[in-house]
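Open your viewer and keep the selection box ready. We will go from the whole chain down to single residues.

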Amino acid sequence: VQLQASGGGLVQPGGSLRLSCKASGINFSINSMRWYRQAPGKQRELVANITSGGTTNYADSVKGRFTASRDNARRTVFLQLNSLQPEDTAVYYCHTDRLGINYWGRGTLVTVSS
């Protein structure tokens, strides 16, 4: 199983980014996919979850600003990040699990700074 995340970068406060995570080696269409983030010196936290049917859930800190979506034909999950703030600076990871095994992507760094 491989999860390849991309799309991170440096953005000014108030800016936007779109993260992508392409999956291989799993039956993507039946898996829930998640985005986590880990800021320097902090624990990894769940940011968004999207079920196989497209239902989404978000951490309170990102509700109304971040949007998760998926394209099953492309085996890719997306995270649209809008109205970014310095506190959103973190490494963002995509994640899935199957039969009790966790799979993590390598992570993509988002830095929000003026």
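Start with a cartoon view of the whole chain. Read along the sequence, the pattern is β-β-β-β-β-β-β-β-β-β-β. That comes to 0 helices and 11 strands. Both kinds of element are DSSP runs, numbered from the N terminus: helices are H or I with at least four residues, strands are E with at least two. The radius of gyration is 13 Å, close to the 13 Å that the globule rule gives for 114 residues, so the chain is as compact as a globular protein of that length. The radius is taken over C-alpha atoms, and the rule is 2.2 Å times the number of residues to the power 0.38.

A word on what you are looking at. This is a predicted model, in which local features need pLDDT of at least 70, side-chain atom pairs count only at pLDDT 80 or more, and totals for chains, interfaces and linings use all residues. Residues are numbered from 1 along each chain as its sequence is written, and side-chain values use heavy atoms, with hydrogens and water left out.

**The whole chain**

Turn the model around. The C-alpha trace spans about 40 × 25 × 25 Å along its principal axes. Now show the surface. The chain exposes about 6000 Å², and carbon and sulfur atoms supply 45% of that area. Such areas come from the Shrake-Rupley method with a 1.4 Å probe; for residues, only the protein chains shown count as cover.

How much of the chain is buried? Of the 114 residues, 39% count as buried. Buried means under 20% relative accessible area, exposed means over 50%, and partly exposed lies in between (1.4 Å probe, protein chains only).

Next, think about contacts, meaning heavy atoms within 4.5 Å. Take those between residues at least 6 apart in sequence: 52% of them join residues at least 24 apart.

Colour by charge. There are 13 positive and 6 negative charges, and their mean positions are 8 Å apart. Lys and Arg count as positive, Asp and Glu as negative; His and the chain ends are not counted. Each charge is placed at NZ of Lys, CZ of Arg, CG of Asp or CD of Glu.

**Stop 1: the aromatic rings**

Show the rings of Phe, Tyr and Trp. Two rings pair if their centres lie within 6.5 Å, using the six-membered ring of Trp; planes under 30 degrees apart are stacked, over 60 edge-to-face, and the rest tilted. The count is 2 aromatic pairs. Select Y93 and W104. They form an edge-to-face pair, 6.4 Å centre to centre, with 90° between the planes. Y93 sits in strand β9 (residues 90–98) and W104 in strand β10 (residues 101–104), 11 residues apart. Which of the two states, buried or partly exposed, fits W104? W104 is partly exposed at 36% relative accessible area, while Y93 is buried at 14%. Add Y36 to the selection: Y36, Y93 and W104 form one aromatic cluster.

**Stop 2: N31**

Select N31, in the loop between β3 (17–24) and β4 (33–38). Is N31 buried or exposed? N31 is buried, with a relative accessible area of 2%. Leave aside neighbours within four places in sequence. N31 then touches I26, I50, T51, S52, R70, T96, D97 and R98.

**Stop 3: T56 and G54**

Move to T56 in strand β6 (residues 56–58). T56 is partly exposed, at 28% relative accessible area. Beyond neighbours within four places, T56 is in contact with N49, I50 and A68. Now pick G54, in the loop between β5 (45–50) and β6. G54 is partly exposed, at 36%. Draw a C-alpha distance from G54 to Q2: 21 Å, across 52 residues in sequence.

**Stop 4: S16 and S83**

Select S16, in the loop between β2 (9–11) and β3. S16 is partly exposed, at 40%. Outside its neighbours within four places, S16 is in contact with V11, Q80, L81, N82, S83 and L84. The C-alpha atoms of S16 and F66 are 9.5 Å apart, with their positions 50 residues apart in sequence.

Step across to S83, in the loop between β8 and β9. S83 has a positive phi of about 50°, although it is not a glycine. S83 is partly exposed, at 38%.

**Last stop: R75**

Finish at R75, in the loop between β7 (66–71) and β8 (76–81). Phi of R75 is near 55°, a positive value in a residue other than glycine. R75 counts as partly exposed, at 28% relative accessibility.
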